[in-house]
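Here are a few short exercises to help you find your way around a new structure. Have a go at each task before you read the solution.

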Amino acid sequence: MEIKDIKTLPLNVCNQIAAGEVVERPASVVKELFENAVDAGASEITVMISGGGLSEIVVMDNGCGMTRENLPKAFEPHATSKLEKIKDLDTLTTLGFRGEAIASIASVSETEITSKTAEMEIGYTVRCVGGVREEATEAPCLDGTCVTVRKLFYNTPARLKFMKTAKSEETAVTDLIERLILANSTVAVKYYCDEKLTLESFGDGLRECVSCVYGMDVVDNCYEISYQKNGLLVEGLVGTTNLWRGTRSYQTIIVNGRWVEDKTISAAATNAYAPYMMKRQYPFFVLRIEIDPDAIDVNVHPRKTEIRF
């Protein structure tokens, strides 16, 4: 066997490898950018995709924005404003924190970020193509941030080959946006597919968001619940026994503002409804759980879709 030297991988190769964990498909990009907008304090977020998100993804927000000095740093790996030391992981209140997303996304696409803070007279934009970052330039814009991602996976044909059709990828993004609307019921969201307004919420609370996603008929067939004990808050909308579905895909779990998938909570709800439903019938619910950050670990999944209690 030939002995080979150990070499340090170039930064752009490292980022592309990291992208394999963070950026699974266009919906993964939308999730990361949307959650960054929420962390920036946005009250209005607009998402636009074309070609299922493979051609272009645009996420605009009215959040706090970034300064000219910080804007280029957003493209650096492990660069984040959301934590400084390992103990900060125990008290996280933000949705994003690893600092991998932008660097990973930019390494497999053409990414452009334009941003402006309220204190700045003019905004700035930085473009990054395949992980190669350009210099910041002036760009007149509104307060907040706009991230544009074009030609996703253009330089990783093996990844691109495994993408589904544009329509299938669009469906995945739409399903995600529905969950994000429910998880952020005080944020106004507009979602466009190929320039067509597909979903719109107004940030008027959970009932309005459920109506936006599922229709008023669903809201009319739900009980509104709220329970608080020992520092744990559980609230939301749960369907009557007449509002059942054939899969669990109509169950949404939100923990500390984060949409997650959790089999334990889903099974608990299903067991509670079991005496009133036939087999292979699953209850509808949107549950929002608020719990001490110390009691959960959000750093157990690369895409942060699972947590550990």
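Accessible areas here come from the Shrake-Rupley method with a 1.4 Å probe. Keep in mind that this is a predicted model.

**Exercise 1. How much area does the protein expose, and what share of it do carbon and sulfur atoms supply?**

Solution. Start with the total: the protein exposes about 16,400 Å². Next, split that by atom type: carbon and sulfur atoms supply 52% of it. Then turn to the inside: of the 309 residues, 47% are buried. To finish the overview, count the elements, and you get 8 helices and 16 strands.

**Exercise 2. Is methionine 60 buried, partly exposed or exposed?**

Solution. First, place the residue: methionine 60 belongs to strand E2, which covers residues 56–61. Now take its relative accessible area, 33%. Buried would need under 20% and exposed over 50%, so methionine 60 counts as partly exposed.

Then look at who sits around it. Leaving aside residues up to four places away in sequence, methionine 60 touches Glu44, Ile45, Thr46, Met48, Thr145 and Cys146. As for valine 47, its C-alpha is 6.6 Å from that of methionine 60, with their positions 13 residues apart in sequence.

**Exercise 3. Work out what kind of aromatic pair each of the 2 in the structure is.**

Solution. A pair of aromatic rings is described by the distance of the centres and the angle of the planes. You also need the cut-offs: under 30 degrees is stacked, over 60 is edge-to-face, and the rest are tilted.

Step one: tyrosine 214 and tyrosine 250 have ring centres 5.9 Å apart and planes at 45 degrees, so this pair is tilted. Tyrosine 214 is in helix H6 and tyrosine 250 is in the loop between strands E12 and E13, so the pair ties together parts 36 residues apart in sequence.

Step two: for tyrosine 214 and phenylalanine 284, the centres are 5.0 Å apart and the planes stand at 90 degrees, so the pair is edge-to-face. Phenylalanine 284 lies in the loop between strands E15 and E16, so here the parts tied together are 70 residues apart in sequence.

Step three: put the pairs together, and Tyr214, Tyr250 and Phe284 form one aromatic cluster. Within it, phenylalanine 284 is buried at 1% relative accessible area, while tyrosine 250 is partly exposed at 31%.

**Exercise 4. Which residue lies over the face of tyrosine 250?**

Solution. Go to the ring centre of tyrosine 250 and look 5.1 Å away: arginine 245 lies over the face. Tyrosine 154 has lysine 151 over its face, at 5.4 Å from the ring centre.

Methods
Residues numbered from 1 in each chain as written. Predicted model: local features only at pLDDT ≥ 70, side-chain atom pairs only at ≥ 80, totals over all residues. Heavy atoms only, no water. Helix = DSSP H or I, 4+ residues; strand = E, 2+ residues; numbered from the N terminus. Buried < 20%, exposed > 50% of the residue type's maximum accessible area, 1.4 Å probe, protein only. Contact = heavy atoms within 4.5 Å. Phe/Tyr/Trp six-rings, centres within 6.5 Å; stacked < 30°, edge-to-face > 60°. Lys NZ or Arg CZ within 6 Å of the ring centre and 35° of its normal.
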